[in-house]
Amino acid sequence: MNQTERKDAGLIYDPQVPELMEEQARRLELLYEFNQTRPSQWEKRQELMQKMFGSLGKGCYLEPPFHANWGGMNVFLGDNVYGNFNLTLVDDGRIYVGDNVMFGPNVTVATPNHPILPLLRGPRPLQYNRDVHIGKNVWIGANSVILPGVTIGENTVVGAGSVVVKDLPSNVVAVGNPCHVMRPIGKRDEEFYFRQEAIDWENLPPRH
């Protein structure tokens, strides 16, 4: 079994072997080109994203600068995914993102990890990867970190600055370090959008 096969199987492997580094370098060229685009170059960004990602749904928008260890090759985006400034997807493993997911500024989603045993971390550090799954309609607040192997259920909100170390269920608000469920999303959220400020449903733009 070569190092690429070990990587794909979730085993400990050497990420610095030539066959992996050469493919990674090609992918990072596309990422570099994406980050050099001007704000007016919408069509060029879309063309590059089609090449960069493992799959790309309709209506996705990522605000440069965007960072990914493999340029997005192992990232699979649903429809209408939005990423604010400095989204970092460390995509040595696979990252699956559902429809209508929003990432705040400076969010990091990581799939690689390193063994605890010092012998395996030097002088050439070995690693292994665990996939991350983010359900549809999830909102991840600014400066949050999602660690390898985590699954986040649909409709959940992750508060700013959270460190998500284990799975989160659907339909909750979760916050903190380590991130924990604060409360379910419920009836009050249908009435108020911020503290005691009521949602003016009759004046909202149409929801498609």
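N86 sits in the loop that runs between β5 and β6 (88–90). In this predicted model, its backbone does something a little out of the ordinary: phi is positive, at about 65 degrees, although N86 is not a glycine. With a relative accessible area of 28%, N86 counts as partly exposed. Another asparagine tells a similar story. N80 is found in the loop between β4 (75–77) and β5, and its phi is also positive, near 60 degrees, again in a residue other than glycine. The relative accessible area of N80 is 41%, so this residue too is classed as partly exposed. What makes such backbone angles worth a look is that most residues other than glycine have a negative phi.

Peptide bonds bring up the other backbone oddity, since most of them are trans. The bond joining P64 and P65 is cis, with omega at about 0 degrees. P65 belongs to the loop between β2 and β3 (67–68). Further along the chain, N177 and P178 are likewise joined by a cis peptide bond, omega again being about 0 degrees. Here the loop in question is the one between β18 (172–175) and β19 (180–184), where P178 lies.

Turning to the side chains, the structure holds 5 aromatic pairs. One of them is W42 with Y61, a stacked pair whose ring centres are 5.7 Å apart and whose planes differ by 15 degrees. This pair ties together distant parts of the chain, with W42 in helix α3 and Y61 in strand β2 (residues 61–62), 19 residues apart. Both partners still have some surface showing: W42 has a relative accessibility of 42% and counts as partly exposed, and Y61, at 21%, is partly exposed as well. The cut-off for buried is under 20%, which means that Y61 falls just outside that class.

Y61 has a second aromatic partner. Its ring centre lies 6.1 Å from that of Y82, and because the two planes are at 5 degrees, this pair is stacked too. Once more the link spans distant parts of the chain, from Y61 in strand β2 to Y82 in strand β5 (residues 82–83), 21 residues apart. Y82 is partly exposed, its relative accessible area being 30%. Elsewhere among the aromatics, F34, F53 and F66 come together as one cluster.

F34 also turns up in the packing of two helices. Helix α2 (residues 18–35) and helix α3 (residues 42–52) have axes that come within 10 Å of each other and cross at roughly 160 degrees. Angles over 145 degrees count as roughly antiparallel, so that is how α2 runs relative to α3. The crossing of α2 past α3 is left-handed. On the α2 side, the contact is made by R27, L30, L31, E33 and F34, while α3 supplies K44, R45, L48, M49, K51 and M52. Sorted by class, this contact has 6 nonpolar and 5 charged residues, with no polar ones. F34 therefore has a part in two settings, the contact with α3 and the phenylalanine cluster. Helix α3, for its part, meets α2 through residues including L48 and M49 and carries W42, the partner of Y61 in strand β2.

Methods. Residues are numbered from 1 along each chain as its sequence is written. This is a predicted model: local features need pLDDT of at least 70, side-chain atom pairs count only at pLDDT 80 or more; totals for chains, interfaces and linings use all residues. Side-chain values use heavy atoms; hydrogens and water are left out. Axes are lines fitted to C-alpha atoms, for helices over the stretch in contact, and angles run from 0 to 180 degrees between N-to-C directions. Helices (H or I, at least four residues) and strands (E, at least two) are DSSP runs, numbered from the N terminus. Angles under 35 degrees count as roughly parallel, over 145 as roughly antiparallel, 65 to 115 as roughly perpendicular and the rest as oblique. A crossing is left-handed if the near helix is turned anticlockwise from the far one by less than a right angle, and right-handed if clockwise. Contact means heavy atoms within 4.5 Å. Ala, Val, Leu, Ile, Met, Phe, Trp, Tyr, Cys and Pro count as nonpolar, Asp, Glu, Lys and Arg as charged, and the others, Gly among them, as polar. Rings of Phe, Tyr and Trp (its six-membered ring) pair if their centres lie within 6.5 Å; planes under 30 degrees apart count as stacked, over 60 as edge-to-face and the rest as tilted. Buried means under 20% relative accessible area, exposed over 50%, partly exposed in between (1.4 Å probe, protein chains only).
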